[in-house]
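Okay, everyone, thanks for coming. Let me put one structure up on the screen and walk you through it.

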Amino acid sequence: MFRTAPRMAGFVFRENRVPYYQRLFQNHDGKRQWWKTAGSGKVMYPYLFTVYGLGAATTYGMCRMVLGYKTWW
């Protein structure tokens, strides 16, 4: 009923990567799951910088508000 388009042949007949990733993620090497792949740092470092940076900025702002400092503008 449905036919595979010729341009999709590379996608349909590619190597099965499931066993590779299953071995990678089930390996008990002490690493968290989100740090196991080669490109993890490209995603995690900006994420962590954003999370901790916004947390620090929010804490700084709340401390200034609680202590009653006036704004600088």
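Let's start with Asp29. Asp29 comes out as partly exposed, because its relative accessible area is 40%. Before I go on, keep in mind that this is a predicted model.

So who does Asp29 pair up with? The partner is Lys36, and the two form a salt bridge with their closest N and O atoms 3.4 Å apart. And how many salt bridges does the structure hold? Just one, so for this kind of contact we're done.

Now look at the other end of that bridge. Is Lys36 buried or exposed? Lys36 is buried, because its relative accessible area is 11%, and the cut-off for buried is under 20%. So the bridge joins a partly exposed Asp29 to a buried Lys36.

Where does Lys36 sit along the chain? You'll find Lys36 in the loop that runs between α2, residues 18-26, and α3, residues 40-67. The salt bridge isn't the whole story for that side chain, either. What does the side chain of Lys36 reach at 3.4 Å? That would be the backbone oxygen of Leu24. There's also the backbone oxygen of Asn27, which lies 2.5 Å from a polar atom of the Lys36 side chain. If you want the full neighbourhood, leaving out anything up to four places away in sequence, Lys36 touches Leu24, Phe25, Asn27, Asp29 and Lys31.

Next stop, Ser40, which lies in helix α3. Ser40 counts as buried because its relative accessibility is 6%. Its side chain has a polar atom 3.0 Å from the backbone oxygen of Trp34. Setting aside neighbours within four places in sequence, Ser40 is in contact with Trp34 and Trp35.

Let me zoom out for a second. The protein chain has three helices and zero strands, so reading from the N terminus you get α-α-α. Of the 73 residues in the protein chain, buried ones make up 4%. Lys36 and Ser40 are both in the buried class. As for the surface, the accessible area of the protein chain is about 7,500 Å², and carbon and sulfur atoms account for 63% of that.

Now for the rings. How many aromatic pairs does the structure hold? Three. One of them is Tyr20 with Tyr21, an edge-to-face pair with 5.0 Å centre to centre and 70° between the planes. Tyr20 counts as partly exposed because its relative accessibility is 38%, and Tyr21 is partly exposed too, with a relative accessible area of 37%. Ring pairs tie Tyr20, Tyr21 and Phe25 into a cluster. You've met Phe25 already: it's among the residues that Lys36 touches.

Last thing, over at helix α1, residues 9-12, where we find Phe11. Is Phe11 buried or exposed? Phe11 counts as exposed, because its relative accessibility is 51% and the exposed class starts over 50%. Phe11 also belongs to a nonpolar surface patch of about 360 Å², which it makes together with Val12 and Phe13.

To recap, then: one salt bridge in the structure, made by Asp29 and Lys36, with Lys36 in the loop between α2 and α3. Then there's the ring cluster of Tyr20, Tyr21 and Phe25, and the nonpolar patch of Phe11, Val12 and Phe13. That's my bit, so over to you.

Terms used
Residues numbered from 1 in each chain as written. Predicted model: local features only at pLDDT ≥ 70, side-chain atom pairs only at ≥ 80, totals over all residues. Heavy atoms only, no water. Helix = DSSP H or I, 4+ residues; strand = E, 2+ residues; numbered from the N terminus. Polar contact = N/O pair within 3.5 Å; in protein donor to acceptor, adjacent residues only side chain to side chain. Contact = heavy atoms within 4.5 Å. Salt bridge = Lys/Arg side-chain N within 4 Å of Asp/Glu carboxyl O. Buried < 20%, exposed > 50% of the residue type's maximum accessible area, 1.4 Å probe, protein only. Patch = residues over 30% accessible without salt bridge, like charges linked within 9 Å, V, L, I, M, F, W, Y side chains within 5 Å. Areas by Shrake-Rupley, 256 points an atom, 1.4 Å probe, with all protein chains shown as cover. Phe/Tyr/Trp six-rings, centres within 6.5 Å; stacked < 30°, edge-to-face > 60°.
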